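Please look over the chain and its fold below. The report that follows takes up helices, core and charged pairs in turn.

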Amino acid sequence: MAATDATAFETAAVEVKKLTRKPTNTELLNLYALYKQGTDGDCTTPKPSDDDMKEFAKWGAWNKLKGKKTKEVAQADYVKLVATLKTKYGYAA
């Protein structure tokens, strides 16, 4: 991955925390999954108990990307999603 791509990913990870309104749960799960895939690669974490719905949903979102997106593609998709969310929800620079 080129340094500029990594920089864009790191910048997006900071900027997403400055959205002026909270994204939907689905958008938050997509952000989480793309971030984890972009930083850690394929999910190797054991499936959590369905008793912890939040962790189970996060794991499921990330695990869906297993074998489907490289770290680089996930990072590029994350940057695009953050840009979309900044337009949709506003951004406090």
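Which kind of link joins the side chains of D77 and K69? They meet in a salt bridge, with N to O at 2.4 Å. This is a predicted model.

## D77 and its surroundings

D77 sits in helix α4. D77 is also one of the buried residues of that helix. Its side chain makes a polar contact with the side chain of K69, again at 2.4 Å. K69, the partner, is partly exposed, at a relative accessible area of 23%.

Setting aside residues up to four places away in sequence, D77 touches L34 and K69. L34 has a longer list of contacts, counted with that exclusion: L65, K69, A74, D77, Y78 and L81. K69 and D77 thus both appear beside L34.

## Helix α4

Helix α4 covers residues 71-89, which makes 19 residues. Does the geometry fit a helix, and what span should be expected? At 1.5 Å a residue, α4 should span 27 Å. Its end C-alpha atoms are 26 Å apart, which agrees.

The buried residues of α4 are A74, Q75, D77, Y78, L81, V82, L85 and Y89. Seen down the helix axis, they fall within an arc of 160 degrees, so they line one face of α4. K80 and T87 are exposed on the other side. G90 follows the helix. The phi of G90 is positive, near 85 degrees.

## The nonpolar core

In soluble globular proteins, nonpolar side chains tend to be buried together. Here the largest nonpolar core has 19 residues. Which of its members touch the most others? They are V16, L31, L34, Y78, V82 and L85.

Four helices each supply at least two residues of this core: α1 (3-15), α2 (25-40), α3 (53-63) and α4. Helix α4 gives the most, with six residues.

## Helix α3 against α2

The buried residues of α3 are K58, W59, A61 and W62. Viewed down the axis of α3, they fall within an arc of 160 degrees, so they line one face of this helix. These buried residues pack against α2.

K58 also takes part in a charged pair. Its side chain meets that of E55 in a salt bridge, at 3.4 Å from N to O. Both residues lie in α3, three residues apart, about one turn of the helix. E55 is partly exposed, with a relative accessible area of 33%. K58, by contrast, is listed among the buried residues of α3.

## G38 and the contact of α2 with α4

G38 has its place in helix α2. Is G38 buried or exposed? At 2% relative accessibility, G38 counts as buried, since the cut-off is under 20%.

G38 and A74 are 36 residues apart in sequence. In space their C-alpha atoms are 4.9 Å apart. Leaving out residues up to four places away in sequence, G38 touches F9, K71, A74 and Q75. Of these contacts, A74 and Q75 are among the buried residues of α4.

## Charged pairs

How many salt bridges does the model hold? The count comes to five. Those of D77 with K69 and of K58 with E55 have been described above.

Another joins the side chains of K36 and D40, at 2.8 Å from N to O. K36 and D40 are four residues apart in helix α2, and so about one helical turn separates them. D40 is partly exposed, with a relative accessible area of 43%.

## E15 in α1

E15 is found in helix α1. At 19% relative accessibility, E15 counts as buried, because buried means under 20%. A polar contact of 2.9 Å joins its side chain to that of K86.

Which residues does E15 contact, leaving aside neighbours within four places in sequence? They are K86 and Y91.

Conventions
Residues are numbered from 1 along each chain as its sequence is written. This is a predicted model: local features need pLDDT of at least 70, side-chain atom pairs count only at pLDDT 80 or more; totals for chains, interfaces and linings use all residues. Side-chain values use heavy atoms; hydrogens and water are left out. The expected span of a helix is 1.5 Å times one less than its number of residues. Buried means under 20% relative accessible area, exposed over 50%, partly exposed in between (1.4 Å probe, protein chains only). The arc is that of the directions from the helix axis to the C-beta atoms. A nonpolar core is a set of buried Ala, Val, Leu, Ile, Met, Phe, Trp, Tyr and Cys residues joined through side-chain atoms within 4.5 Å. Contact means heavy atoms within 4.5 Å. A polar contact is a pair of N or O atoms within 3.5 Å; within protein, one must be able to donate a hydrogen and the other to accept it, and residues adjacent in sequence count only if both atoms are side-chain atoms. A salt bridge is a side-chain nitrogen of Lys or Arg within 4 Å of a carboxyl oxygen of Asp or Glu.
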